[in-house]
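Work through the exercises below with the model open beside the text, and try each task before reading its solution.

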Amino acid sequence: MRICLAISTLLWLIMTLLDVLQVLAFRSDVDLGISSVVPVLIMDFFFVFVVLFYRLRITKVESTDFIDYLWRVFAIGLIATLVSLALGLFKNSIADSALANNPFLEEVLYSIRFGLISVFLISTFTVWKKLILYQKSKRLVIWWNVFESVILLSIFFNLTGGELQTSDLFKVLFGVITLMALILSANLKWVAYLNFKQKWKSILLILLITIYLGYFFTSIYVPGAESMDILRSIDNLFIVSLFIFLLFYSIFSLLVILFNLPTSSVFEKKMEEAINFQRLSQSIQQGENENQIFDILLTSSMSAVFVEAGWLEIARKGNTEPEVRRKNLSPTNRLEVVEQIKVSKQKTVLKNPLSKATEQDQILVIFKKSNFRSVLIVPLIIQGKVAGHMYLLNELSDGFNKEMINIINTFASQASISIENFRLLGEALENERYKKELNIAKKVQRALLPVNLDHDSTFQIHAFTQAPDEVGGDYYDTFKLSDHRFVVVIGDVSGKGTSAAFHMSQMKGIFQSLVQLDLPPDQFLILANRALSDCLEKTSFITLSYFVIDTENKSVEYSRAGHCPTLFYSSQKSSSEFLENKGLGLGILRNDTFRNYVFVNKLTFQKDDIIVLYTDGISEASNHNGEEFGYDRMKKILTDNAKRDAVSIQKIFIEKLFEFCEEKNLNDDYTIVVIKFN
């Protein structure tokens, strides 16, 4: 860039010197012996190196502030205008002196003005290019490249020797340039990204730039009458073309901004509403399934940023390799791009403002030798984790600007939210399926509990059970050994839910197998403990109470394996008490030492005596103050209602329990079995 600046300055000095020498030779009627082509070539190469200087300079500017670009043009035009006006004032100040008519001074002043105006025109042309290609497509880039090539070639038109006023070639080229300038001047997409305040600044700056162009055109292309004949007109297609194009684009920009000015505040409001809607839509399910959402994301992103191809890499559970969804790209080309990404040294990390995790950053990769010159890699974040990546391929090395990246972020974010909602919906459906299966399990478990309890006319028996979950671990059952001997059992599996229900079903099978052997209560518990030791989880155990009722002898033999103490009402004493007896839960000791903790107890019953069997869900149920239902309350309820039948006693127990807990949904399984002797 510095070399171009130095060479262009040197060429301008040489061009000025040659003009002075030509004036001197003209006045002295002397032939300098210099070909007429030489000054023309020097001027042409001066234009070339000024163009190169500003092209190199503009590529180093990464600002996306359009006001900054316009300000650069305004500043250069202001300097050129001030210098031009200063030269005019200087010339007017010496109008009455002999120096005013000095042709050498006039030539130098003209050369200074011509150089400054050329610099202004070329710098403005370069900035206008940046604005036109802001939201670019492949077709637009082709149009501009053709137009720019014609403009640059027009620098050397003066080598043809033809004059602009009479040359047919000039008329053709000028017509083509004018037509293309009109077409390109319609590319004003950058105006849409200006807010209300920026548009007012743009109007002021562009208006001043337009005034500069008009002033410079009149001062250089239509010189004053006092100028020499050789300076009457500028036969330079390049300068004329620049004036025409820059003037067209300035006027078009000014008009478009003015027409958009009344709607700026409304547009900004709508943009704000769109952002708020996007945030709101995070809670709304979008799309029908993941594949459709991914396809919509890829297609929409490619269309929004004018890219030619792309693909998605999606991580799936259970697959070591990601799933690939391509568009306008063959598998071979995709693998080639992947390899180029790995070896490319031009990678730019674009930080994700919503996350500090580096794996959630976007990456922009530039290729030097490839059909595609740039790749934007966008991570897809689902539930805070990277679930895949989107690759967008552009044939241009600088094909992604800030607005494009913001659009892609919005699309990716919305797609991720939709996929997350879809997965949550899938989980909800899966949970619903599990719930249905649990309901089936509940029905199966209910089928394991007896509907009709074995008994004869000498006693009543009624049971009730309920679990807080779909299934529970409480168990009760009966079995008729003979016409006057009956077995009643009640148990409670440690834990809750499906595991407890599974162990309850195991207990059911063991009971049905062993009870038919007509074993004493202690032998039943010993064999049951041995059977459960092989199938029960090490962390699980079962409490159990086993009763054998002999209605002929009016006696009850029972053993307790760590279960709740039995509540007994004596009609003779008209009082209730808990039958205390020792015992260890099944599965706690899984060897022969278990028999040392099993005892047989016996009691006799009379008419209207009552036995209440229950699980700890009832005795340990608590209210909002943390107070337990407790044994004393149970004794009182039984004593107060002893004259009722078994069904009524059971219902009163449950009603009092709900009343005490102030709710019908308890935290544990609760089961009660009421036996009343007639």
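The exercises go from confidence to overall make-up, then to a sheet and to the nonpolar cores.

This is a predicted model, in which local features need pLDDT of at least 70 and side-chain atom pairs count only at pLDDT 80 or more, while totals for chains, interfaces and linings use all residues. Residues are numbered from 1 along each chain as its sequence is written, and side-chain values use heavy atoms, with hydrogens and water left out.

**Exercise 1.** Find where confidence is lowest and where it is highest in the protein.

Solution. Begin with pLDDT, the predictor's confidence in each residue, from 0 to 100; its mean for the protein is 84, and 89% of the residues reach 70 or more. Next compare the elements, which are DSSP runs numbered from the N terminus (helices: H or I, at least four residues; strands: E, at least two). Confidence is lowest in helix H9 (residues 264–280), with a mean of 52, and highest in strand S15 (residues 610–614), at 96. Then look at residues 223–233, where the pLDDT is below 50 and where the model has 19 contacts (heavy atoms within 4.5 Å) beyond near neighbours in sequence. Where pLDDT is low, the predicted coordinates should not be read in detail.

**Exercise 2.** Describe the secondary structure of the protein and state what share of its residues is buried.

Solution. Counting elements gives 17 helices and 16 strands. Of the 678 residues, 46% are buried, meaning under 20% relative accessible area with a 1.4 Å probe, protein chains only.

**Exercise 3.** Work out the strand order of the open sheet that six strands form.

Solution. The order is S2-S1-S6-S5-S4-S3, with antiparallel pairing, where two strands pair if DSSP finds at least two bridges between them. At the edges are strand S2 (323–327) and strand S3 (346–350), each of which pairs on one side only. Inside the sheet, follow strand S5 (residues 374–382), which nine bridges join to strand S6 (residues 385–394); Ile-381, for instance, has Val-386 in S6 as its bridge partner.

**Exercise 4.** Identify the helix that supplies the largest share of the largest nonpolar core.

Solution. A nonpolar core is a set of buried Ala, Val, Leu, Ile, Met, Phe, Trp, Tyr and Cys residues joined through side-chain atoms within 4.5 Å. The largest one has 64 residues, and Phe-47, Trp-128 and Trp-190 are among those that touch the most other members. Helix H4 (103–132) is one of the helices that supply at least two residues, and the largest share, 11 residues, comes from H4. A second, separate core of 48 residues includes Tyr-476 and Leu-613.

Terms used:
Buried < 20%, exposed > 50% of the residue type's maximum accessible area, 1.4 Å probe, protein only.
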